[in-house]
Amino acid sequence: MSLSLPEIRKNCFKARQRMLQARKEHWAFGAFNLDDEATLRAVCIAAAKLKAPVLVEVSQGEVDTIGLYNVRDMVDNLKSEYGVEMYINLDHSPSVDAAKRGIEAGFEFIHIDISQSNHEASDEDIIQATKDVVQYAKLTGALVESEPHYFQGGSNYFNTKIDYEEIEKTFSTPEGASQFVDATKIDTFAAAIGNLHGKYPVPKKLDLELLIKIRHAIDCNISLHGGSDTPGHYFREAVKIGVTKININSDMRFAYRKSLEKVLKENPNEYSVAKLISKDVVNEVAKVVESKIMDFNSAGKAVVD
Ligand SMILES: [Zn+2]
């Protein structure tokens with residue numbers, strides 16, 4: 001069942017208020033990527049156990065596989081089954097049209113990122129696409145997130161070392177952030193301060209001094225992408241500074257695959273893989289979500305209607 005426009009607006013209004021509250025109270029929404037029903041259930045289990053408000057998110061790959069309206073329905077069904085506070089984010093939407101479809105499907109958070117599909121997109125292209133989505137989002141009140149740069153990496157495991165000298169060249173600057181927010185009127189700025197998509201053989205480092213400067217330079221929400229494999233103390237500090245949305249994907253995918261490989265090996269005669277997933281894998285993914293919720297200081301903060 002699709003949500004009506006008034007229902008969508010009500011959800012978006014609440015999401016907007018809750019992001020402001022998170023900033024005031026120094027906690028962050030975990031934005032957990034969902035690959036399938038099992039990962040969504042894992043997020044619900046963790047959120048219900050810790051009474052934490054959460055976002056689940058899909059990027060274009062999952063949209064193509066599952067379908068926007070199936071995601072909306074699945075989330076709404078499980079949200080009421082588990083009694084959790086949950087919103088949906090369209091992550092790295094590759095085009096203005098795709099972002100508009102997400103707004104129409106009732107997603108409360110829309111991340112527009114045309115540079116993901118076109119690394120050569122100019123600053124003007126990025127600003128214009130972001131402005132178009134901000135304008136269209138007025139239909140529902142969805143929160144729009146963007147950034148003036150291309151985020152490196154991907155939600156996977158990489159064997160290569162992190163080249164910090166290269167990464168630093170792509171860091172956000174307080175001036176650049178301020179200009180971008182002024183030009184686009186976005187709700188959420190995706191900061192680049194050492195965060196990187198994917199898991200690597202060495203832990204990530206975040207430049208918290210830079211984050212403080214960015215926090216002072218702009219008056220909108222700040223998100224961190226590429227949260228996997230980041231030592232927890234960075235998150236605890238970032239949340240104190242005022243980050244209110246942190247994306248997690250690869251750590252969950254890693255737990256999913258490793259635990260699935262283990263149970264398949266232990267149960268060579270079981271052909272109902274879905275049964276093994278719902279029995280064992282879901283709990284392993286839920287543990288990852290729980291540990292992030294603790295780092296994000298969002299346990300006990302849920303407001304369920
Ligand atoms: Zn991302």
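Which residues in H9 meet which residues in H10? In this predicted model, Leu208, Leu211, Ile212 and Arg215 supply the H9 side of the contact, while Tyr234, Glu237, Ala238 and Ile241 supply the H10 side. The two elements are helix H9, spanning residues 208-217, and helix H10, spanning residues 232-241, and they pack at an angle of about 20° with their axes 10 Å apart. Since angles under 35 degrees count as roughly parallel, that angle makes H9 roughly parallel to H10. The crossing of H9 past H10 is right-handed.

The spacing of the contact residues invites a short look at helix geometry. An α-helix has 3.6 residues a turn, so residues three or four places apart point the same way. With that in mind, the H9 list can be read again: Leu208, Leu211, Ile212 and Arg215 are the residues that meet H10.

H10 also has a set of buried residues, namely Gly232, Tyr234, Phe235, Ala238, Val239 and Ile241. Against which elements do the buried residues of H10 pack? Their partners are H9, strand S9 (221-224), strand S10 (243-248) and helix H12 (273-295). Tyr234, Ala238 and Ile241 are thus found both among the buried residues of H10 and among the H10 residues that meet H9. Just after H10 comes Gly242, with a positive phi of about 130°.

H9 has a further helical partner in H8. Helix H8 covers residues 174-184, and it packs with H9 at an angle of about 30°, the axes being 9 Å apart. This angle, too, makes the pair roughly parallel, H8 to H9, and the crossing of H8 and H9 is again right-handed. On the H8 side the contact involves Pro174, Ala177 and Ser178, which meet Leu210, Lys213, Ile214 and Ala217 in H9. For H9, then, one list of residues faces H8, including Leu210 and Ile214, and another meets H10, including Leu211 and Arg215.

Beyond H8 lies a backbone feature worth a glance. Lys185 is found in the loop between H8 and strand S7 (188-191), and has a positive phi of about 60° although it is not a glycine. Is Lys185 buried or exposed? Its relative accessibility is 58%, so Lys185 counts as exposed. Lys51 offers a second case: its phi is near 50°, a positive value in a residue other than glycine. This lysine is found in the loop between helix H2 (37-50) and strand S2 (54-58), and its relative accessibility of 56% makes Lys51 exposed.

Attention now turns to the aromatic rings. How many aromatic pairs does the structure hold? There are five. One of them joins Tyr87 and Phe109 in an edge-to-face arrangement, with 6.2 Å from centre to centre and 65° between the planes. Tyr87 belongs to strand S3 (residues 86-93) and Phe109 to strand S4 (residues 109-112), so this pair ties together parts that are 22 residues apart in sequence. Both Tyr87 and Phe109 are buried. Ring pairs extend the picture to a cluster that links Trp27, Phe29, Tyr87 and Phe109.

Rings also meet charged side chains. Lys100 lies over the face of Tyr136, at 5.1 Å from the ring centre. In a second case, the charged end of Lys199 sits over the ring of Phe254, 4.6 Å from the centre of that ring.

Strand S4, home to Phe109, also contains Ile112. Ile112 has a relative accessibility of 1% and therefore counts as buried. Setting aside residues up to four places away in sequence, Ile112 touches Ser93, Ser95, Val96, Ala99, Ala129, Thr130, Val133, Val144, Glu145, Ser146 and Glu147. Ala46 sits elsewhere: Ile112 and Ala46 are 66 residues apart in sequence and 28 Å apart in space, C-alpha to C-alpha.

Ala46 reappears in the surroundings of Glu290, a residue of helix H12. Which residues are in contact with Glu290, leaving aside its neighbours within four places in sequence? They are Ala46, Lys49 and Leu50. The relative accessible area of Glu290 is 17%, and because buried means under 20%, Glu290 is buried. Between Glu290 and Gln17 the separation is 273 residues in sequence and 24 Å in space, C-alpha to C-alpha.

How values were computed. Residues are numbered from 1 along each chain as its sequence is written. This is a predicted model: local features need pLDDT of at least 70, side-chain atom pairs count only at pLDDT 80 or more; totals for chains, interfaces and linings use all residues. Side-chain values use heavy atoms; hydrogens and water are left out. Rings of Phe, Tyr and Trp (its six-membered ring) pair if their centres lie within 6.5 Å; planes under 30 degrees apart count as stacked, over 60 as edge-to-face and the rest as tilted. Helices (H or I, at least four residues) and strands (E, at least two) are DSSP runs, numbered from the N terminus. Buried means under 20% relative accessible area, exposed over 50%, partly exposed in between (1.4 Å probe, protein chains only). A charge sits over a ring if NZ of Lys or CZ of Arg is within 6 Å of the ring centre and within 35 degrees of the ring normal. Axes are lines fitted to C-alpha atoms, for helices over the stretch in contact, and angles run from 0 to 180 degrees between N-to-C directions. Angles under 35 degrees count as roughly parallel, over 145 as roughly antiparallel, 65 to 115 as roughly perpendicular and the rest as oblique. A crossing is left-handed if the near helix is turned anticlockwise from the far one by less than a right angle, and right-handed if clockwise. Contact means heavy atoms within 4.5 Å.
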